Every structure is written in C-alpha cells, then in structure tokens.
Amino acid sequence: MRRIKFEKGEQRKFLDLIIEKLNAPSLRGLLQFGFDVPYSTLKNYYNESRSLPEDFFKDLCDVAKVDKGDLRFEFVESNLGQVRGGQIGKRRKV
C-alpha cells in the first residue's frame with residue numbers, strides 16, 4: 001500500500017479543503033461521513049505526523065468531489081519510514 005506525501009503544510013491545507021467542501025464543522029465532523037478511521041489517527045494526519053494512505057486519500061477526494069489533478073503530491077512506499085530507520089540505525093563495523 002502506498003502513501004501520499006505532500007509538501008510541508010500542504011497535507012493540513014488539503015484536510016482543511018475537505019472539511020470546507022463537506023461543510024463539516026471540524027476535523028471530528030469528517031467521521032460522520034462513514035470513514036472508518038479513529039479520531040486520533042485523523043489528528044495525526046492533520047498534524048502531519050503521519051502521511052495519508054492512498055485509499056483513504058482517494059475516498060476523501062471522491063466524497064468531497066476534489067480533483068486530484070489540482071493537488072501537488074507524490075506517492076511513496078508505505079515502508080519508507082522503516083527504510084530510513086534502518087539506514088539511521090546501522091552500526092559501523094570497527
């Protein structure tokens with residue numbers, strides 16, 4: 001499963017756009033549209049602590065009728081953090 005990577009600050013703007021398009025009162029208001037995502041995970045997406053999964057991103061765009069072509073993002077593999085952590089955690093052989 002791939003994830004969506006936005007530039008810094010753009011993921012929050014994207015979620016704000018979705019909230020505005022759906023006339024949701026807040027971030028928690030998105031849950032009334034049937035998304036099966038815990039509120040704490042939504043907050044992590046909003047704070048940009050976690051990147052959005054591709055399927056959740058597509059669902060948000062479909063429900064809010066947002067054209068993906070207007071957005072600037074890239075796809076990254078879901079194990080990117082594990083790869084980076086492995087590179088950082090390697091010990092030097094002496």
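In this predicted model, the largest nonpolar core comprises 22 residues, and those with the most contacts inside it are F14, I18, L30, L52, F56 and F57. The elements that contribute two or more residues to this core are α1, α2 and α3, with the largest share, five residues, coming from α3. Such an arrangement may be read against a general tendency: in soluble globular proteins, nonpolar side chains tend to be buried together. Among the residues with the most contacts inside the core is L30, which, when its neighbours within four places in sequence are left aside, is in contact with I18, I19, L22, A24, F35 and L42.

The elements around this core belong to a protein chain with four helices and three strands, which follow one another along the sequence in the pattern β-α-α-β-α-β-α. The chain has 94 residues, of which 31% count as buried. Of the contacts in the chain with a separation of 6 or more, 64% are accounted for by residues 24 or more positions apart. The area that the protein chain exposes is about 6800 Å², and 45% of this area is supplied by carbon and sulfur atoms.

Helix α2, which spans residues 39-46, has T41, L42 and Y45 as its buried residues. Viewed down the axis of α2, these buried residues fall within an arc of 105°, and they therefore line one face of the helix. The cover over the buried residues of α2 includes strand β1 (2-5), helix α1 (10-21), strand β2 (52-53) and helix α3 (54-64). One of these buried residues, L42, is also among the contacts of L30 described above. Just after α2, residue E48 takes a positive phi of about 65°.

Aromatic side chains form a further set of contacts, and the structure holds eight aromatic pairs. In one of them, the rings of F14 and F57 have their centres 5.2 Å apart and their planes at 40°, so the pair is tilted. This pair links distant parts of the chain, since F14 lies in helix α1 and F57 in helix α3, 43 residues apart. Both F14 and F57 are buried. A second pair, formed by F35 and F56, is edge-to-face, with 5.4 Å from centre to centre and 85° between the planes. Here too distant parts of the chain are linked, with F35 in the loop between α1 and α2 and F56 in helix α3, 21 residues apart. F35 and F56 are both buried, and F35 is one of the residues in contact with L30. Beyond the individual pairs, F6, F14, F57, F73 and F75 form one aromatic cluster, which thus includes F14 and F57 of the tilted pair.

Charged side chains add another kind of pairing. In general, side chains of opposite charge can pair when their charged atoms come close. The structure holds five salt bridges, one of which joins the side chains of R72 and E7 at 2.6 Å, N to O. Because R72 lies in the loop between α3 and β3 (74-77) and E7 in the loop between β1 and α1, this pair ties together parts that are 65 residues apart in sequence. R72 counts as exposed, at 61% relative accessibility, whereas E7, at 47%, counts as partly exposed.

Other salt bridges lie within a single helix. In helix α1, K13 and E10 are three residues apart, about one turn of the helix, and their side chains meet in a salt bridge of 3.6 Å, N to O. K13 is exposed, with a relative accessible area of 53%, while E10 is partly exposed, with a relative accessible area of 31%. In helix α3, K58 and E54 are four residues apart, again about one turn of the helix, and the salt bridge between their side chains is 3.3 Å, N to O. K58 is partly exposed, with a relative accessible area of 37%, but E54, at 13% relative accessibility, counts as buried. The residues K58 and E54 are also part of a wider arrangement, in which R2, E54 and K58 are linked in a network of salt bridges.

How values were computed
Residues numbered from 1 in each chain as written. Predicted model: local features only at pLDDT ≥ 70, side-chain atom pairs only at ≥ 80, totals over all residues. Heavy atoms only, no water. Buried < 20%, exposed > 50% of the residue type's maximum accessible area, 1.4 Å probe, protein only. Contact = heavy atoms within 4.5 Å. Areas by Shrake-Rupley, 256 points an atom, 1.4 Å probe, with all protein chains shown as cover. Arc of directions from axis to C-beta. Core = buried A, V, L, I, M, F, W, Y, C linked by side-chain atoms within 4.5 Å. Salt bridge = Lys/Arg side-chain N within 4 Å of Asp/Glu carboxyl O. Phe/Tyr/Trp six-rings, centres within 6.5 Å; stacked < 30°, edge-to-face > 60°.
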